[in-house]
Amino acid sequence: MSSEKQAQLNGAYYGPSVPPPRQSHHPGRRGRGCGCCGCLFRFLLGVIVSVVVTLGLAILILWLIFRPNNIKFHVTDASLTQFNLTATNNLQYNLALNITARNPNKKIGVYYELISARAYYEDQRLGSSDLEPFYQGHKNTSVLSPVFVGQHLLVLGADELSEFNVEKNAGVYNIDVKLYLRIKFKVGKVKTWRFKPKVKCELKLPLSAKGTSAGGFKITKCDIDY
């Protein structure tokens with residue numbers, strides 16, 4: 001009898017060790033849940049998506065019902081009676097404008113909470129005129145009448161000074177007028193949040209005699225940017 005078999009019979013055989021079987025996890029616990037933080041994140045994400053979708057649908061429905069149109073601005077009249085550059089580079093100016101603001105909407109009113117008009121020449125601000133706040137009803141046209149009077153130190157380069165002299169000889173000046181607004185819309189009894197649009201009017205203004213409108217001035221449409 002071989003020594004190996006003799007060892008087995010005697011209970012003293014030490015063969016290759018067999019590792020004990022691994023303990024399996026409880027089947028009910030495998031993959032259970034997503035963790036506290038993960039579940040909370042998914043819940044919050046679902047709430048945010050629901051709110052965004054709801055707001056988007058509400059805005060779309062309101063737009064389909066009321067069909068809002070932009071306010072339209074035009075400079076209908078202008079009087080530039082002084083625009084003189086002195087030897088000390090002070091620009092003396094006297095400018096009065098009539099600007100119409102047209103609300104074309106049938107069911108939307110406009111609260112003008114702030115209206116600041118500013119005049120620019122060669123991108124340099126000459127003066128400003130703050131106008132009275134007001135409410136504009138449906139399909140209504142309002143007239144804004146800013147006035148700019150005074151003098152301003154104007155620093156012009158060689159090219160800009162040459163352009164000024166060309167305009168002086170022609171008697172027509174390129175002046176920009178901008179309106180800085182703070183407005184709210186009224187839909188029924190509900191007011192919207194505030195908007196701060198900017199209105200830009202690029203004007204060609206003939207120099208006119210004092211107390212008269214600028215001869216040859218053409219009604220000019222202004223651009224509005226929300």
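## Helix H3 and the glycine after it

In this predicted model, helix H3 is followed by glycine 171, whose phi is positive, near 75°. The helix itself runs over residues 158-170, 13 residues in all. At 1.5 Å a residue these should span 18 Å, and the end C-alpha atoms are 19 Å apart, so the expected span and the model agree.

## The largest nonpolar core

The largest nonpolar core has 40 residues. Phe73, Phe83, Leu97 and Tyr112 are the members that touch the most others. Several strands each supply at least two residues of this core. They are S1 (72-85), S2 (90-103), S3 (108-121), S4 (124-131), S8 (172-187) and S10 (198-206). In soluble globular proteins, nonpolar side chains tend to be buried together.

What is phenylalanine 83 in contact with, leaving aside neighbours within four places in sequence? Its partners are Leu91, Gln92, Tyr93, Tyr121, Leu126, Phe164, Tyr173, Ile175 and Leu207.

## Aromatic pairs

The count of aromatic pairs comes to 10. One of them joins tyrosine 121 and phenylalanine 164, which meet edge-to-face, at 6.1 Å centre to centre and with 85° between the planes. This pair links distant parts of the chain, with tyrosine 121 in strand S3 and phenylalanine 164 in helix H3, 43 residues apart. Both tyrosine 121 and phenylalanine 164 are buried. Together with Phe83 and Tyr173, they form one aromatic cluster.

Phenylalanine 185 and phenylalanine 195 form another pair, with ring centres 5.5 Å apart. Their planes lie at 65°, and edge-to-face requires over 60 degrees, so this pair is edge-to-face as well. Phenylalanine 185 belongs to strand S8, while phenylalanine 195 is in the loop between strand S9 (190-191) and S10, so the pair ties together parts 10 residues apart in sequence. Is each ring's residue buried or partly exposed? Phenylalanine 185 has a relative accessible area of 14% and is therefore buried. Phenylalanine 195, at 24%, is partly exposed, because buried means under 20%.

## Lysines over tyrosine rings

Two tyrosine rings have a lysine over them. The charged end of lysine 178 sits over the ring of tyrosine 120, 4.7 Å from its centre. Lysine 191 lies over the face of tyrosine 111, at 4.5 Å from the ring centre.

Notes. Residues are numbered from 1 along each chain as its sequence is written. This is a predicted model: local features need pLDDT of at least 70, side-chain atom pairs count only at pLDDT 80 or more; totals for chains, interfaces and linings use all residues. Side-chain values use heavy atoms; hydrogens and water are left out. Helices (H or I, at least four residues) and strands (E, at least two) are DSSP runs, numbered from the N terminus. The expected span of a helix is 1.5 Å times one less than its number of residues. A nonpolar core is a set of buried Ala, Val, Leu, Ile, Met, Phe, Trp, Tyr and Cys residues joined through side-chain atoms within 4.5 Å. Buried means under 20% relative accessible area, exposed over 50%, partly exposed in between (1.4 Å probe, protein chains only). Contact means heavy atoms within 4.5 Å. Rings of Phe, Tyr and Trp (its six-membered ring) pair if their centres lie within 6.5 Å; planes under 30 degrees apart count as stacked, over 60 as edge-to-face and the rest as tilted. A charge sits over a ring if NZ of Lys or CZ of Arg is within 6 Å of the ring centre and within 35 degrees of the ring normal.
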